[in-house]
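Today I sat down with this one and a fresh notebook page. Here is what I looked up, in the order I got to it.

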Amino acid sequence: MDHPIKRDHSRFRKIIKGKIRDNLKKYVSQGQQIIPKGKDKFTIPMPSIDIPRFRFGEKSEGGSGQGQGGEGDPVDGKPGEGEPGEGESGEGEGNKELEIEMDIEELAKILGDELELPNIEPKGKSEIASKVDRYTSVGTVGPDSLRHLKRTYKQALKRQMSMGVYDPMNPRVVPIRADYRYRAANSTTELQNSAVVIYMMDVSGSMGEEQKEIVRTESFWINLWLKSQYKNIEMRYIIHDATAKEVEEDVFFRTRESGGTLISSAFKLCKHIIETDYDPNEWNIYPFHFSDGDNWSADDTKVCMSLLDDFLLPNSNMFCYGQVESRYGSGQFYKDLATKYGTDSEDVILSKIKDKEAILDSIKDFLGKGK
Amino acid sequence: MLRTKMISGKLLDLQREIQGYADDFGLDYFPQVFEVCDYDTINILAAQGGFPIRYPHWKFGMDYDQLSNGYRFGIQKIYEMVINTNPCYAYLLEVNNWLDQKLVMAHVYGHNDFFKNNMWYSHTNRNMMDVMANNGTKIRRYMEKYGQDRVEQFIDKVLSLENLIDVNHLFETNEVVQSRKEKEKQASIEAENGGYMMDDRSQALKSFMNSNKRHDDAKDLPQEEISDFSAQNNTDKGKRDILKFLIENAPLEEWEADIIGCLREEAYYFLPQRMTKIMNEGWASYWHSTILTQKALDPNEIVDFADIHAGVMTMSKQNINPYKVGIELMRDIEYRWNTGKFGKDYNECPSMHDKENWNTKLGLGREKIFEVRKSHNDITFLEEFLTPEFCNRQQLFTYKYNPRSGRMEIDSRDFQAIKQKLLTQLTNFGSPLIQVEDSNFKNRKELLLKHVHGGVDLDMQFADATMRNLYALWKRPINLATIIEEKETVFNFDGNELKAL
């Protein structure tokens, strides 16, 4: 049996998950708070979980230290940071800020629960199925090493009570063979689904830092959700002004170009990428396009529409367009798409992102369809 | 459940060897039990304050989470845990190498001697292992009866007030004498009633229940006694044992009062350790270093020992390392009493040269530090033995917040300033002094607390959250008189929001 502290631990995890859920909006709108740590892990700063006590204000308290330096030299960092060394029983409380570690499933589950996101039903195309055994159920047969004591005794108690032989004054519960319960494996078929997310972003002069920050934050959460849904997932990044090129993730968020905007250039490159690398029969394809809604000409918009109709829509799960509000953008592209496909189309999902506060709703727009 | 096992074989031989040296040096300790365990177990123990069984609460889970992460990423490693019980239990990490174990054992004998002999520990319950386990069982039972969430949330509130206890309680005060007498009386009553009463309610609650009985008796008495009764309000003034005050005066259910009693008992148990951090670590470090360098080390271990020891003694600019300051001050005292560098003659000697080379060959150093470890706590230790030369040699300084640069910056290397800062930091085991001012404030049964301001303001955000928790127990508005930015202010929490009156 596990040590009781594991129960304390899981209660603690439950409390922090609740905290994250309550503050999800804050975490999402403040962007950079959640820091990826290695693969599939994140650290989340958690300021106020500790039990409050009457204590001195840090700034007015100051402190004392040891070492070299003259008056006015900074001592760096904050007071109260621990020393490496020996720990001791009954040490006073340090005022460390908590860093919570959470893996991708947990974090995605919080996002999913909070936004009521449906699980994605992957396109039923060729996929590699693998059988996974998980000990999630209880059966009546099994080896002794898997015997579930609690359930066994519960069963014995039930039996004794229904037979009327249970005496509360002498609460002795004796399981017989038929009461034995064992942990049993449930075989689930996990599909090795593959997905690719292709992000396209307008980096022309009208997209400012703030707009890009919104796209960055939004893509973080979209990635998080899709990663939790697909075993095998790839991300591709395209930036465009009047011409489009494929870039690495960090370049994607940092580049700023001037010049005009031809959205069709990005769509063409996207088409090219899909044609070369991703067979739509084997891949779930998610093209995301973010811009401020400006396009060079109505003609180019027409080219875009036909690219969508002829290639992108038939071959992808859904096409998502997020329009980030900017002072310079006209927002025309949104209107054009809305006129053509309507605002609640299944295949073309449109979302307006006014500011950071709106990111969460926009994520729900995109992922709420379960496709 | 806990995967600790008693040491055996070579480790046991090592313990005998180290214990022999401890005896030679005249250390006086409780019987010492060493057990080894893996890192997960030692993390569990550390999260639970050294005890294998505590009451269920998420904060232990939180500490465990942090310790486990810290270990996994190699940020921190706990070599050893030692707890103040009789016999004294200490846990060694099984992956420690041979030298680590040697050092840790010697260190533990230092702690053990300190626990046994320092007067601030004289009232601690050395059967705390059982008490903690009993408190755990009791609280678990309350959880079964009233619901885990309800009880846990109540514990949250009590823990928030955990530092509102009275340091003076560790003295031989009337109250302590009284409570001991009561205990003895209780025991004799129990004996009369035919042996041991199966009553596991906490001691504070029991004595409170007895005093309630007395109040009930008082009602039958004539008028003059009653007038005495109404004067009770004034007697609350100045009380610092706020947990006890709540048990006696807050409208609590019996189980709630009992839980406060349990947590109060545990808080008092840990109090001496918080009051003697520097001395206790200094003493233990003094002995591991003395025993190892003079007796226990093989010549080929010297360099590794120096490496580990230096790691433990790392100085920090952000705070005082109790190991470092403790051991250095112990050594300084030993040196001064060996050479006679103290007292009127030395202090008033006009010649710097004579002072520098002062040596009366007094040789009382060892004797003096044994005496010091018996009668001092951190405050009196620094108050009496901190010298300007010491501060200078140890490169001590004070720092403060500079609002212009937004950083903490070195403020002063002046002896008086450093001493003042250290003493302020240690006053009331580092917690703000909070006392009851009026338990019937405005004649509306509101509670007025007073923060005895010693120059440092309270963190009002924390104070706000704490007052909310206090309100949940007192169930009437809470007031707090304090000084914020040099202005006397009374804050009021009326159940909705915190306002300055």
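What share of the contacts in chain B with a separation of 6 or more comes from residues 24 or more positions apart? I found 72%. I keep in mind that this is a predicted model.

**Chain B overall.** I then looked at the make-up of chain B, which has 22 helices and 11 strands. Of its 501 residues, 41% count as buried.

**The cores.** Next I went to the largest nonpolar core, which holds 122 residues. The residues with the most contacts inside this core are B:Ala90, B:Ala106, B:Tyr109 and B:Ile259. Helix α12 of chain B, residues 254-275, gives the most to this core, with 10 residues. I picked B:Ile259 for a closer look: leaving out residues up to four places away in sequence, B:Ile259 touches B:Ile139, B:Tyr142, B:Phe154, B:Ile155 and B:Val158. I also noted a second, separate core of 68 residues, with A:Trp225, A:Phe267, A:Phe319 and A:Tyr321 among them.

**Where A meets B.** How many residues of chain A are in contact with chain B? I got 51, and they touch 76 residues of chain B. On the chain A side, the elements giving two or more residues are α1 (5-22), α3 (58-61) and β3 (63-66). Of these, α1(A) provides the largest share, 7 residues. Sorted by class, that side has 14 nonpolar, 21 polar and 16 charged residues.

**A strand pair across the chains.** Last, I followed β3(A) and saw that it pairs with strand β5 of chain B, residues 396-402, in the antiparallel sense over 4 bridges. For A:Ser64, I wrote down B:Thr398 as the bridge partner in β5(B).

Technical notes. Residues numbered from 1 in each chain as written. Chains lettered and ligands numbered in written order. Predicted model: local features only at pLDDT ≥ 70, side-chain atom pairs only at ≥ 80, totals over all residues. Core = buried A, V, L, I, M, F, W, Y, C linked by C-beta atoms within 7 Å. Buried ≥ 20, exposed ≤ 12 C-beta atoms within 10 Å, placed from the backbone. Contact = placed C-beta atoms within 7 Å. Nonpolar A, V, L, I, M, F, W, Y, C, P; charged D, E, K, R; others polar. Pairing = 2+ DSSP bridges.
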